[in-house]
Every structure is written in C-alpha cells, then in structure tokens.
Amino acid sequence: MTIQISKLQNGLRVAADEMRDVETVSVGVFVNTGSRNEELEINGISHFLEHMAFKGTKKRSAKQIAEEFEGIGGRINAYTSKEKTVFYAKVLKKHAEFAVEFLADILQNSTFDEAEIEKERGVILQEIAMTNDTPDDIVFDYFHEAAYPKQALGRSILGPTKNIKKFQRQDFLNYINKQYNYDNICVAAAGNIKQDDLLKWCTKYFTNLGNKKLADFEQGNYQGGQFLKQKKLEQVNLVLGYQGLSYKDDRYYAAQILAMILGGGMSSRLFQHVREELGLAYSIYSFNYSHQDCGLFAIYAGTSPDKVKNLLDATKIEIEKICQKITDDELIRVNNQFEASLLMSQESTSSRMQKLGSDILVFDKFIDGKEIMKKVQQFSQKDIANLAQEIFSSSKQTFAAIGDVKKLQLA
C-alpha cells in the first residue's frame with residue numbers, strides 16, 4: 001500500500017501507515033529540532049523542553065498526564081537527539097484519537113510551571129551525573145566533541161550543568177517560538193488507523209503553533225582530533241573514528257554494509273578477531289553515525305588499560321584487510337541481515353511509525369523496504385572496499401577514550 005503524506009493548511013505534514021490486522025496504533029510527533037539547533041548559551045534546552053512536556057498543560061496537571069494515559073493502558077514517552085525531538089504513544093485502536101489529542105496538548109499547551117521546572121531541573125542534573133558515571137555512554141559525547149570541536153554537533157544533547165541550572169520559563173517559550181512550528185513538524189502513525197481519520201484529528205487538535213521561517217542549522221564541519229579523560233576505571237572505553245556519510249549520500253547504505261561487515265555482529269571481522277580469537281575485549285563494534293549533512297564512521301571498544309595498544313593494533317589490521325577485499329559470503333550475509341531486519345520491523349507498529357516520521361523529516365517522503373533493499377543490493381564487493389579505502393585513508397582521525405589513559409600513546 002502506498003503511504004500518502006498530506007500537508008494541512010498550517011504546514012503540518014501528516015501520514016498514516018495503515019495495518020488493518022493489528023489492534024494497536026502508534027502515533028508520533030516529530031519535531032525537526034535538536035541539540036544541533038541550539039546556540040552555546042542554550043545547549044541542553046531541547047532535551048529539557050522534552051521533559052517539561054509531561055509536567056503540565058493548560059488542561060492537565062503532571063499527575064493527570066501520568067494517570068490519564070496509564071488509565072487507558074497506553075504507553076507514552078519522548079526522546080531528543082542531535083537533530084530531532086520526538087513525542088510518541090502507543091494505544092489500543094479505540095483510543096487513537098485520544099492519543100493524537102493528548103500529544104497535541106503536551107506539545108502545544110505546556111505551562112512550564114516554575115515549581116515543575118525546579119523539580120525537573122534536579123532530575124536532569126541527576127541524568128547528567130548518571131551519564132558522566134557511565135563510561136560507555138559519556139565516551140560518545142567526548143568523541144563528538146573531538147570530531148566537531150566548537151560546533152553545535154559536537155555538544156552534548158543533555159547540555160552542561162551550568163545551562164541546566166539557569167533555564168527559566170521564558171527560555172522555553174522563546175525556544176518553542178523559534179523552533180516549534182508546523183513547517184518543522186510531522187505527525188506519523190502506524191497501526192489500525194486510517195489516513196482520513198488522522199488528518200481529521202490533526203486538523204482539529206494541532207492549532208496553537210505558528211509557521212515562521214526557521215533559521216538554518218550550523219553545517220557540520222568534521223575536524224577530527226583527540227579527547228582523553230583520565231578516570232579510575234577497570235576498563236578504558238574508547239572510540240576510534242573517521243569522517244563518514246550523511247543520510248542523503250548515495251552511498252549511505254554502502255557505509256551501513258561496511259559497518260556491519262567490519263563490526264556489526266557476532267560474525268563480523270572485529271568481533272571474531274579481536275574478541276573471539278584474541279580475547280582483547282568483551283564489546284567491540286562499528287557504526288556509521290549519520291546526520292542530514294555529514295556523518296561519522298566509528299569503532300567502539302572497551303578493554304583493560306594494558307590491552308589498549310594490542311586492541312588498536314588488531315583493529316588497524318582488520319581495517320587494512322577490509323580495504324582490500326570483501327568476500328561474497330560477507331555481502332550475502334549482510335544483505336540477508338538487512339532483509340530480515342526490514343521484515344521484522346514490519347511487524348511492529350512502533351518501528352513503522354518511527355521510520356515513517358524520520359523519513360518525512362529527512363527526505364520529505366517515505367522510503368519503503370523494497371526501495372531500501374534495491375539500494376542495498378546495488379553495491380558490489382569492490383564498491384564496499386573502495387569506500388573503506390576512502391574512509392580509512394583519511395589523515396583526520398578522531399579518538400576519544402575514558403579510563404586509565406595517562407600512559408596511552410597513540411601513533
């Protein structure tokens with residue numbers, strides 16, 4: 001079935017992926033704004049604002065928000081990334097209109113009560129502290145900071161504590177006025193829901209935001225560099241990276257294939273050589289982290305301080321090998337993994353809703369599984385090896401590590 005993206009008169013894009021044989025509906029409101037849209041002085045406000053959406057509206061208190069949704073057996077949550085903020089819900093099909101109204105309410109009518117701001121400020125400060133105490137989490141913040149120094153893309157999604165401590169009600173209102181407008185938002189749903197019904201409900205409930213022109217976000221300018229954090233830990237958590245590809249690059253799926261062959265699972269080269277053969281790490285994997293205009297190709301690992309050099313040496317050997325040859329078996333295996341992943345995700349209303357909303361924000365259209373598989377299958381072994389050579393030949397490496405790094409020497 002073809003998925004239709006409709007645009008309301010106010011600019012809001014709306015799309016439903018109808019699944020007639022399920023009993024649930026997942027609905028998401030996708031806002032094309034995140035930490036990369038923040039100036040240095042307000043870094044962290046997108047994430048703080050996401051939290052505040054659940055802390056009271058003009059018609060619902062924070063307690064009512066929790067009780068009403070759980071009272072119908074629904075699930076509601078939100079998340080913030082570098083490029084988007086998403087508010088989403090999953091309900092039984094009979095509560096679909098309620099979910100749309102509810103999401104519209106928390107998105108458009110939050111009151112930002114001062115007492116609630118103070119309480120949530122404490123929660124976020126604890127979240128920052130928890131992240132700082134989690135080395136395999138915070139190392140990625142250090143990695144982005146080294147890759148994109150003094151840029152919005154290099155800053156933390158959570159923001160610095162000094163910013164969190166100073167945000168006031170007017171700061172949230174100013175940010176909503178600047179970034180939350182209908183041209184910058186889409187509503188996506190998947191499950192037992194019709195496009196016409198979703199359009200009708202969105203027209204009815206999404207009425208309180210503007211559509212002023214948005215400022216362009218700061219373009220990512222990959223620089224590369226090094227960030228070492230000395231901390232008393234049993235392991236060194238590290239990320240080695242290079243300039244990668246954006247979502248919109250024609251070779252995006254080639255980069256995904258490369259990441260899967262190199263370090264995308266138990267059969268990958270890094271897992272088999274570094275972990276299974278040499279026993280140098282419990283966890284090691286690679287990934288292409290894409291943005292709308294740029295990307296990072298990276299390898300993460302955690303190991304004891306005395307094994308870091310051996311791990312990096314072994315990793316570099318696998319990098320050299322993958323630049324020379326990709327086998328038929330590897331390409332077939334990865335193609336099968338892509339196909340299985342796509343088909344399995346089709347069984348989940350939540351997965352289908354998330355993909356639909358993300359596609360609309362990035363591409364302004366939906367990309368179905370058949371089109372994705374066609375893109376995946378067009379790349380040959382030589383194409384992947386050539387891309388590996390291009391990525392790994394760069395002199396601008398990025399390296400971030402946390403742990404006992406005082407004796408760490410990098411070539």
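**Entry 1: strand S3 and the sheet around it**

I began with strand S3 (residues 24-31), where 7 of the 8 residues are buried, so the strand is largely enclosed by the rest of the structure. By buried I mean under 20% relative accessible area, with exposed over 50% and partly exposed in between, using a 1.4 Å probe and protein chains only. I note here that this is a predicted model, in which local features need pLDDT of at least 70 and side-chain atom pairs count only at pLDDT 80 or more, while totals for chains, interfaces and linings use all residues. Residues are numbered from 1 along each chain as its sequence is written, and side-chain values use heavy atoms, with hydrogens and water left out.

I then looked up the partners of S3, taking helices (H or I, at least four residues) and strands (E, at least two) as DSSP runs numbered from the N terminus, and counting two strands as paired if DSSP finds at least two bridges between them. S3 pairs with strand S5 (residues 85-92) in the antiparallel sense over 8 bridges, and within that pairing Val27 has Ala89 as its bridge partner in S5. S3 also runs antiparallel to S6, joined to it by 7 bridges, with Cys186 in S6 as the bridge partner of Phe30.

Following S6 further, I found that strand S2 (residues 13-18) and strand S6 (residues 185-191) pair in the parallel sense over 6 bridges, and that Ala16 has Ala189 as its bridge partner in S6. Together, 6 strands form an open sheet of mixed pairing in the order S1-S2-S6-S3-S5-S4. Its edge strands are S1 (5-7) and S4 (75-80), each of which pairs on one side only. Neighbouring strands of this sheet are turned by 15° against each other on average, direction ignored; axes here are lines fitted to C-alpha atoms, for helices over the stretch in contact, and angles run from 0 to 180 degrees between N-to-C directions.

**Entry 2: Thr80**

Is Thr80, which is found in strand S4, buried or exposed? At 12% relative accessibility, Thr80 counts as buried. Its side chain makes a polar contact with the side chain of Glu50 at 2.5 Å, a polar contact being a pair of N or O atoms within 3.5 Å where, within protein, one must be able to donate a hydrogen and the other to accept it, and where residues adjacent in sequence count only if both atoms are side-chain atoms. Leaving aside neighbours within four places in sequence, I listed Ser46, His47, Glu50, Thr85 and Ile157 as in contact with Thr80, contact meaning heavy atoms within 4.5 Å.

**Entry 3: the second sheet**

I turned next to an open sheet of 5 strands in the order S7-S11-S8-S10-S9, again with mixed pairing. Strand S7 (225-230) and strand S9 (283-290) stand at the edges with a single partner strand each, so one side of each is left without a neighbour in the sheet. S7 and strand S11 (residues 398-403) pair in the parallel sense over 6 bridges, and Leu228 stands opposite Ala401 in S11. Helix H5 (residues 135-147) packs on the sheet, touching S7, S8 (236-243), S9, S10 (295-303) and S11, and its direction makes about 145° with that of S11.

**Entry 4: helices H9 and H15**

Last, I checked helix H9 (residues 252-263) against helix H15 (residues 381-392), whose axes come within 10 Å and cross at roughly 85°. That makes H9 roughly perpendicular to H15, a term covering 65 to 115 degrees, with under 35 roughly parallel, over 145 roughly antiparallel and the rest oblique. Ala254, Ala255, Ile257, Leu258 and Leu262 in H9 meet Ile384, Leu387, Ala388, Ile391 and Phe392 in H15.
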